Amino acid sequence: MPLVYSVTYTQYSAAHRANFENNAWISGGRGQALTLAGCQRILRRTHPGAVVVRRERWNDGGAWGYQ
């Protein structure tokens, strides 16, 4: 079953001179498990400068809890 992560991250906005907290969904290739650093590497491809604050692992629609 594929693993999917709900990731909460912060990103600095120079225009607003503030950090904003956002959420994104991330999954590893071939359903692989991801470390916090792995989630951050994938997230930074589309959100440069993002810092992962929290990740939550989901499997088949059921929450497995914060990590």
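Helices (H or I, at least four residues) and strands (E, at least two) are DSSP runs, numbered from the N terminus. This is a predicted model: local features need pLDDT of at least 70, side-chain atom pairs count only at pLDDT 80 or more, and totals for chains, interfaces and linings use all residues. Residues are numbered from 1 along each chain as its sequence is written, and side-chain values use heavy atoms, with hydrogens and water left out.

**Exercise 1.** Place serine 6 and state whether serine 6 is buried or exposed.

*Solution.* Start with the element: serine 6 lies in strand 1, residues 3-13. Next, apply the cut-offs: buried is under 20% relative accessible area, exposed over 50%, partly exposed in between (1.4 Å probe, protein chains only). Serine 6 has 15% relative accessibility, so serine 6 is buried. Last, list contacts, meaning heavy atoms within 4.5 Å. Beyond neighbours within four places in sequence, serine 6 touches Ala24, Trp25, Arg54, Arg55, Glu56 and Trp58.

**Exercise 2.** Do the same for serine 27.

*Solution.* Serine 27 belongs to strand 2, residues 18-27. Its relative accessibility is 43%, so serine 27 is partly exposed. Leaving out neighbours within four places in sequence, the contacts of serine 27 are Leu3, Val4, Leu34 and Ile42. Cysteine 39 is twelve residues from serine 27 along the chain; their C-alpha atoms are 8.2 Å apart.

**Exercise 3.** Find the buried face of helix 1 and what covers the buried residues.

*Solution.* Helix 1 spans residues 36-46, and Gly38, Cys39 and Leu43 are buried there. Viewed down the axis, the buried residues fall within an arc of 130°, so they line one face of helix 1. The arc is that of the directions from the helix axis to the C-beta atoms. On the other side, Arg41 and Arg45 are exposed. The cover over the buried residues includes strand 1, strand 2 and strand 3 (51-59).
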